[in-house]
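Got the viewer open? Here is a walk through the model, one selection at a time, with a note on what to look for at each stop.

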Amino acid sequence: MAEQVVFYIFSALVLLSAFMVVVLKNQVRAIFLFFVTLFSMAGLFVFTLADFVAITQVVVYVGGVLVLMIFTFLLSNRDILNNPDATRVSAAGIHHLPGMVVAGLFFAVLIAVVLQSNPEQIEWIKNADKSTLKPTDNTIHYLGINLMTRYLVPFEVVSLLLMLALIGAAHLARKERKI
Amino acid sequence: MGLKNFTFFVLRGFYHLTFISQNFGKNSGVFFKFAVTTKIKLNLYIINVLIGGLLFSFTALFALFAVYAERKVSAFIQDRLGPMETGKWGSLQTFADILKMLQKELIVPHVADKLLFAAAPLVIFLSVYMGFAALPWAEDVAPVSLNIGVFYVFAIISVESLGILMAGWGSNNKYSLLGGLRSVAQVVSYEIPAGIALISSVMIAQSLDLHVIGLRQGVASVEAIKFLGIWDVSKTGGVFAWHIFQAPHLIIAYIIYFIASLAECNRAPFDIPEAESELVAGFHTEYTGLRFAFIFLAEYSMMFLVGMLGVILFLGGWNTPLPNIGSVRLADWTSGIGWGFFWTLSKVLLVVGIQMWMRWTLPRLRMDQLMNLCWKVLTPLAFLCMLVSGLWRLMVM
């Protein structure tokens, strides 16, 4: 019961803050709200027993939001941030049409999938009692073992990519050598 | 470990608290007597709230004590007397300060972003306060025993810099914003050596659960532990069983962590975010009254939090420093719930004392020196420690 209440609070927070991020004119507040969205998402991850993913989400996105923040400071001036011009845009304008069509179609697809799927009949859901994680399981061990066996190649590829990015960044930040 | 285990641990911790109070008999406070009479029948949610309240009052009390200690320590280092007028040796000074602060007006600058300005102190304090949730105080006494405890505390600590940037921007003041930006640059950089140093200890412990990590550094350890990888001290315990002596390269890792944690607390010699001589008071220039009190509370709680994390990971947590010598079972005599609290507190207070000593001894680092130290000295050394940890685990243990 309590778990459900907490779940719905988190879901409501995610939806509300995400909506506000889009609607708000004040960019700085929008970015802080974006962090609220991501933090509540981390809360939802806990409910799927992906606690490691939840914490990683917080670690990664704190840094991410901070960097976004600094970009906002760099790329916009304070007058714009403080007095967002009240340009009135009608919701049903012709330039909104493509976006609306795409969103509407996507929504239709989602509805269709929900209606057509028969979750009771799917094999892996039927067998879910035996093969799913329990709240007491130590998920870290599964993660570690899987990363080092089944997903070793993707793991190495990702680490190579990150290494390249690091070296690139270090190279760009270097002082120019005098000729 | 999920909600079930969470409540279980809270219960167990609470049970032990009631147990101590029974043993201590007359000296136990009103709270403990209440707990003893109602025992486990208390609703779980009430217990959760009580534990939270206890932790909060602890941080508040600690901040009061630490501010007084800081003023006295700084005074003695600079050959002054410090506060002497209020109470005996000025001992009531911080109570007077907090009383004054509570009465003060909450001034909001006219052009500030009112919402962010008001929210920032809460974000700063909450991020530190939430970190306490995963820290064990003694054997089986932990608010939560998360199986990713180390990672959790590490993540929550970094949220603080978000609050600092919020305060810096919200104040709408050049000094505050500069302070906030500096703090972000510093915290984001120093997280790396701190994290790698923590990982090198976690690799030795083979667990991210702070309670398990603490457990395997004393006589209560299930697996065999070896002093310097040679001498089996599972039954001897004491100082020999601490992580830094199980694997000596962890001494270097601890020093790296300690330096980096100073930077994460924004304390001298890494206090450029609030550098008084350059930025007035940095990100908290505009704050008054209760809001300022919260920022201060967060700063001192943060000192305790990072100190305690280091103590659990490197310095044996709640385990006693006294070893068993033959039939003189010093380690067995000085282990237990009450002793656990005592050792945790005394070790962390010692670390906090060293943090204060550092602050009043060393001059402030310049921004470029700060970054040089982080990226060119601490980070490579931390990586080296991690490598040695791996080799140690494979070859020695």
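Helices here are DSSP runs of H or I with at least four residues, numbered from the N terminus. With that in hand, select Phe58(B), which sits in helix α3 of chain B. Keep in mind as you go that this is a predicted model. Is Phe58(B) buried or exposed, or something in between? It counts as partly exposed, because it has 15 C-beta neighbours inside 10 Å, and a residue needs 20 or more to be called buried. Now add Lys174(B) to the selection and draw a C-alpha to C-alpha distance. Phe58(B) and Lys174(B) are 35 Å apart in space and 116 residues apart in sequence.

**Zoom out to chain B**

Show the whole of chain B as a cartoon. You should find 15 helices and 2 strands. Of the 397 residues in chain B, 47% are buried. If you count contacts in chain B between residues at least 6 apart in sequence, 76% of them join residues at least 24 apart.

**α5 against α6**

Next, pick out residues 114-131 and 149-170 of chain B, which are α5 and α6. How are these two helices arranged? Their axes come within 8 Å and cross at roughly 165°. That angle is over 145 degrees, so α5(B) runs roughly antiparallel to α6(B). The crossing is left-handed.

Turn on side chains where they meet. On the α5(B) side, look for residues including Leu116(B), Phe117(B), Val123(B) and Ile124(B). Facing them from α6(B) are, among others, Val153(B), Ile156(B), Ile157(B) and Leu162(B). Colour this contact by class and you get 17 nonpolar, 4 polar and 1 charged residues.

**α5 against α12**

Keep α5(B) on screen and add residues 289-314 of chain B, helix α12. The axes of this pair are 9 Å apart, at an angle of about 25°. That is under 35 degrees, so α5(B) and α12(B) are roughly parallel. Their crossing is left-handed.

For the contact itself, α5(B) offers residues including Pro121(B), Leu122(B), Phe125(B) and Tyr129(B). From α12(B), the partners include Arg291(B), Phe294(B), Ile295(B) and Met302(B). The residues of this contact split into 12 nonpolar, 2 polar and 1 charged. Try highlighting Ile124(B), Val128(B) and Gly131(B): they take part in the contact with α6(B), and they also belong to the contact with α12(B).

**α6 against α7**

Hide α12(B) and bring in residues 174-205 of chain B, which form α7. Here α6(B) and α7(B) pack with their axes 8 Å apart at an angle of about 175°. So this pair is roughly antiparallel.

Among the α6(B) residues to show are Val150(B), Phe154(B), Leu165(B) and Trp169(B). On α7(B), go for residues such as Leu177(B), Gly179(B), Gly180(B) and Val187(B). This contact has 12 nonpolar, 8 polar and 1 charged residues.

**Bring in chain A**

Now switch chain A on. You can select 23 residues of chain B in contact with 21 residues of chain A. Which helices of chain B supply at least two residues each to the side that touches chain A? They are α1 (2-24), α5, α6 and α7. The largest share comes from α6(B), with 10 residues. By class, the side of chain B that touches chain A has 17 nonpolar, 5 polar and 1 charged residues.

**Two loop stops**

Most residues other than glycine have a negative phi. Click on Trp89(B), in the loop between α3 (44-77) and α4 (93-103) of chain B: its phi is positive, near 50°. Trp89(B) is partly exposed, with 14 other C-beta atoms within 10 Å.

Then jump to Gln206(B), in the loop between α7 and α8 (210-215) of chain B. Gln206(B) has a positive phi of about 60°, and it is not a glycine. With 13 other C-beta atoms within 10 Å, Gln206(B) is partly exposed.

**Last stop: α14**

Finish with residues 337-361 of chain B, helix α14. This helix has 25 residues and reaches 36 Å from its first C-alpha to its last, close to the 36 Å expected at 1.5 Å a residue. Its buried residues include Gly340(B), Trp343(B), Lys347(B), Val352(B), Met356(B) and Arg359(B).

Conventions: Residues are numbered from 1 along each chain as its sequence is written. Chains are lettered from A and ligands numbered from 1 in the order in which they are written. This is a predicted model: local features need pLDDT of at least 70, side-chain atom pairs count only at pLDDT 80 or more; totals for chains, interfaces and linings use all residues. Two residues are in contact if their C-beta atoms, placed from the backbone, lie within 7 Å. Ala, Val, Leu, Ile, Met, Phe, Trp, Tyr, Cys and Pro count as nonpolar, Asp, Glu, Lys and Arg as charged, and the others, Gly among them, as polar. A residue is buried if 20 or more other C-beta atoms lie within 10 Å of its own, exposed if 12 or fewer, and partly exposed in between; C-beta atoms are placed from the backbone. The expected span of a helix is 1.5 Å times one less than its number of residues. Axes are lines fitted to C-alpha atoms, for helices over the stretch in contact, and angles run from 0 to 180 degrees between N-to-C directions. Angles under 35 degrees count as roughly parallel, over 145 as roughly antiparallel, 65 to 115 as roughly perpendicular and the rest as oblique. A crossing is left-handed if the near helix is turned anticlockwise from the far one by less than a right angle, and right-handed if clockwise.
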